[in-house]
Amino acid sequence: MRRVTLARLATDNPMGAQVYQRQVADRAQAALRAHGSGADVIELPIRSMRSALPGRRAPVGPLHRASPALRRAAGRLLYGRSSLVHRMNLELPPHPAADVVTLHDLVAWEFADESAPVAAAAHELRAADAVICVSGYTAGRAVEVLGVRDPIVIPNGVDERFLDATPLTDQALATLGVRRPYVLISGGASERKNLRALAAAWPVIRDHHRDLTLVVAGPEHPARTALFAGMTGVQLTGRIPDDQMPGLVSAAAAVVVPSLVEGFGFPALEAMAANTPLVSSNTSSLPEVVGDGGTLVPPTAAGITEGLLHALADDGQVRAQVARGRQRADRFSWAASATQHARVWSRLLG
């Protein structure tokens with residue numbers, strides 16, 4: 001029996017990559033069956049030697065630094081009789097026969113404050129049977145920077161919970177320390193998220209909207225805390241439970257995504273799905289996702305200021321843009337993503 005193994009790195013700190021893994025894995029078997037393949041799909045979480053998470057143990061730290069030859073040997077041991085392995089994290093070693101790998105972005109190579117790239121990653125990406133990229137931007141950078149040949153672009157989908165999400169009530173918002181009206185930014189705090197430009201823009205925006213709050217959602221991070229410390233009208237919430245995020249996005253007066261680089265940009269897509277005005281940088285993959293469904297601005301303090309003041313006007317032009325964004329969100333489907341993944345797997349299985 002042919003077998004497709006979806007290998008992922010076990011983590012207790014889920015982010016955008018883990019959303020992708022879960023959504024594709026949940027649909028993989030049905031997508032393969034619909035494509036006429038009789039292969040079975042199994043999920044294989046890989047954990048570090050010290051991790052208490054469920055999964056197969058592997059020396060993840062040493063593998064990060066290992067040579068291509070050592071990593072190939074580790075792949076033989078980890079994956080056994082699998083006909084094809086789809087690695088959903090670059091940290092995992094390749095399958096010696098049929099190797100598919102997902103590349104979300106190249107930030108490990110481009111930003112010093114991101115985790116260092118896997119030593120053998122560039123070599124393995126060039127050697128893989130298929131490299132799946134989540135945006136045309138990431139695919140282009142993979143060709144230019146890493147020499148990847150013929151990457152396959154398969155966009156992410158939108159979590160259906162965000163489609164026309166019901167706004168959180170004032171009482172529910174109060175439990176999070178949030179009150180309306182507010183502008184929402186969510187995610188990480190690394191350099192590429194460009195929080196410094198947003199912090200520079202915020203006092204000007206607040207001068208125009210004295211009752212407005214900037215809600216900053218995401219895991220605790222000392223640099224972010226220091227950046228916004230003492231700033232009027234800013235609420236740092238920490239990580240928000242997943243089941244409350246759609247309502248939080250929907251209740252916002254606007255969502256801002258000021259990033260310098262995004263491999264895809266889930267927060268932008270989720271804002272459009274939830275019928276919330278969106279201000280996004282006009283850089284990297286974001287124009288691919290946003291299109292005409294949000295306000296695209298230069299990732300500068302002046303650009304962010306101008307974009308948010310426009311989005312907060314709540315006039316006919318903004319409402320029309322929100323409607324276009326909602327229509328655009330329907331183009332990003334996890335079912336379509338899984339179908340395209342199954343097409344790749346089926347081709348390699350023969």
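Which residues do ring pairs link into a cluster? In this predicted model, the cluster consists of Tyr20, Phe264, Phe266, Phe332 and Trp334, joined through ring pairs. The count of aromatic pairs comes to 4. One of them is formed by tyrosine 20 and tryptophan 334, whose rings lie 6.4 Å apart centre to centre, with 55° between the planes, and the pair is classed as tilted. This pair links distant parts of the chain, since tyrosine 20 belongs to helix H1 (residues 16-34) and tryptophan 334 to helix H15, with the two positions 314 residues apart in the numbering. Both tyrosine 20 and tryptophan 334 are buried.

Helix H15 spans residues 334-349 and also contains alanine 336. Alanine 336 counts as partly exposed because its relative accessibility is 34%, a value that falls between the limits of 20% for buried and 50% for exposed. The C-alpha atom of alanine 336 is separated by 8.9 Å from that of proline 155, although the two residues are 181 residues apart along the chain.

The nonpolar interior was examined next. The largest nonpolar core comprises 58 residues, and those with the most contacts inside it are Val4, Tyr182, Leu184, Leu248 and Trp345. When neighbours within four places in sequence are left aside, tryptophan 345 is in contact with Val4, Leu6, Val24, Ala28, Leu32, Leu84, His86 and Val100. A second core, separate from the largest one, has 23 residues, among them Ala189, Leu214, Ala254 and Leu308.

Technical notes:
Residues are numbered from 1 along each chain as its sequence is written. This is a predicted model: local features need pLDDT of at least 70, side-chain atom pairs count only at pLDDT 80 or more; totals for chains, interfaces and linings use all residues. Side-chain values use heavy atoms; hydrogens and water are left out. A nonpolar core is a set of buried Ala, Val, Leu, Ile, Met, Phe, Trp, Tyr and Cys residues joined through side-chain atoms within 4.5 Å. Buried means under 20% relative accessible area, exposed over 50%, partly exposed in between (1.4 Å probe, protein chains only). Contact means heavy atoms within 4.5 Å. Helices (H or I, at least four residues) and strands (E, at least two) are DSSP runs, numbered from the N terminus. Rings of Phe, Tyr and Trp (its six-membered ring) pair if their centres lie within 6.5 Å; planes under 30 degrees apart count as stacked, over 60 as edge-to-face and the rest as tilted.
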